[in-house]
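Biologist: Hi, I'm new to this one. Could you walk me through it?

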Amino acid sequence: MTQDPPPTSAHRRVGRPAANPAADATSTRTVDRALSLLDAVLAAEGGSTLTSLARSVALSPSTASRLLDTLIRHGLVGREDDGGYRTGVRLKQVAAAALRDDPLYELSQPHLEALAASTREVASLGIPLGPDEVLYLRQVMAPGQLVQAIGWVGRTIPRQDTALGMAMDGLVGPGGYAVSSREENEVDAVAVPVHDHRGVVVGALSVSAPRYRTSLADLHRFGEALAGHGAQLSAGLGASAEVTTRLTSGTPGR
């Protein structure tokens with residue numbers, strides 16, 4: 001009985017192609033660069049030029065142009081008549097679908113509206129973005145105020161030494177809220193943590209106001225209003241009575 005010859009390159013198994021580490025690394029690098037460009041488009045205020053985007057991610061204009069064209073074909077980036085690049089319709093669709101499934105986002109709106117109405121200042125919802133940043137997820141303008149800190153949705157701020165960040169880290173005062181009021185800032189802010197059904201901090205509510213019209217009494221008034229809404233929103237997310245009582249009593253917890 002004859003035996004089959006040992007496999008050679010001509011008898012390679014059909015199915016998964018042979019691994020090519022160099023090609024895999026190139027593909028990964030291309031994806032990283034494309035995502036970096038998308039981040040740059042998101043971070044820009046208004047339309048961004050090819051030159052500014054390429055510079056911000058340390059790419060040549062020709063490489064950036066090719067990657068942006070790919071993002072445009074997938075609807076993640078759009079091109080304006082003036083040549084600027086903006087977020088695309090497909091990206092907005094993805095964002096809307098993600099937010100629609102987020103109970104924190106859905107349940108926060110009435111609390112933000114109530115806070116903005118009662119304090120007459122901007123009310124915001126922030127969520128953790130990694131260990132060092134906070135993402136502004138939702139914001140409601142103050143009624144009747146000509147000067148207010150708006151337009152922060154989708155932007156990030158440092159987690160350290162900010163009211164939202166301190167609230168998420170459990171660094172609250174006796175009233176259950178964190179205050180950021182520093183001489184170098186033109187805006188004062190107060191924030192409280194929001195917990196989910198596991199008792200985990202999943203975000204924070206804040207009220208921010210220009211320093212020139214904000215007194216210490218105002219900051220405490222904002223904090224008291226925030227503490228109540230933070231507890232109610234946490235309860236809506238399934239937080240236990242123990243957690244919500246701790247929020248209103250000002251007992252620190254994570």
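Modeller: Sure, we can go through the pockets and then some helix packing. Keep in mind that this is a predicted model.

Biologist: Okay, pockets. What volume does the largest pocket have?

Modeller: The largest pocket comes out at about 750 Å³. It is lined by 26 residues, and the closest to its centre are L42, L135, V153, G154 and R155.

Biologist: Which helices and strands supply at least two residues of that lining?

Modeller: Two helices, α1 (21–43) and α4 (89–100), and two strands, β2 (85–87) and β4 (133–140), each supply at least two residues.

Biologist: And how does the lining of the largest pocket split by class?

Modeller: You get 15 nonpolar residues, six polar and five charged.

Biologist: What about the second largest pocket, what's its volume?

Modeller: That one is about 380 Å³. Here 18 residues form the lining, with Y136, I157, N185, V187 and A189 the closest to the centre. Two or more lining residues come from each of β4, β5 (156–158), α6 (163–168), β7 (187–195) and β8 (201–210).

Biologist: So where does β4 show up?

Modeller: β4 gives at least two residues to the lining of the largest pocket, and it also gives two or more to the lining of the second largest pocket.

Biologist: How many charged residues line the second largest pocket?

Modeller: Three are charged, next to nine nonpolar and six polar ones.

Biologist: Switching topic: helices. At what angle do α5 and α7 cross?

Modeller: Helix α5 (residues 103–119) and helix α7 (residues 216–236) cross at roughly 160 degrees, and their axes come within 10 Å. Angles over 145 count as roughly antiparallel, so α5 is roughly antiparallel to α7.

Biologist: Is that crossing left-handed or right-handed?

Modeller: Right-handed. On the α5 side, the contact is made by L104, L107, S108, H111, A114, L115, S118 and T119. From α7 come R221, F222, A225, L226, H229, Q232, L233 and G236. By class, the contact of α5 with α7 has eight nonpolar residues, seven polar and one charged.

Biologist: And how do α7 and α8 run, roughly parallel or roughly antiparallel?

Modeller: The axes of α7 and helix α8 (residues 241–249) come within 8 Å and cross at roughly 170 degrees. That makes α7 roughly antiparallel to α8.

Biologist: Which residues make the contact there?

Modeller: A227, G230, A231, S234 and A235 of α7 meet T244, L247 and T248 of α8. The contact of α7 with α8 has four nonpolar and four polar residues, and no charged ones.

Note on methods:
Residues are numbered from 1 along each chain as its sequence is written. This is a predicted model: local features need pLDDT of at least 70, side-chain atom pairs count only at pLDDT 80 or more; totals for chains, interfaces and linings use all residues. Side-chain values use heavy atoms; hydrogens and water are left out. On a 1 Å grid over the protein atoms alone, a cavity is a set of points where a 1.4 Å probe fits but cannot get out, and a pocket is an open set with protein on both sides within 12 Å along at least five of seven lines; lining residues have an atom within 4 Å of a point. Grid points are joined across faces, edges and corners, and a volume is the space filled by probe spheres set on the points. Helices (H or I, at least four residues) and strands (E, at least two) are DSSP runs, numbered from the N terminus. Ala, Val, Leu, Ile, Met, Phe, Trp, Tyr, Cys and Pro count as nonpolar, Asp, Glu, Lys and Arg as charged, and the others, Gly among them, as polar. Axes are lines fitted to C-alpha atoms, for helices over the stretch in contact, and angles run from 0 to 180 degrees between N-to-C directions. Angles under 35 degrees count as roughly parallel, over 145 as roughly antiparallel, 65 to 115 as roughly perpendicular and the rest as oblique. A crossing is left-handed if the near helix is turned anticlockwise from the far one by less than a right angle, and right-handed if clockwise. Contact means heavy atoms within 4.5 Å.
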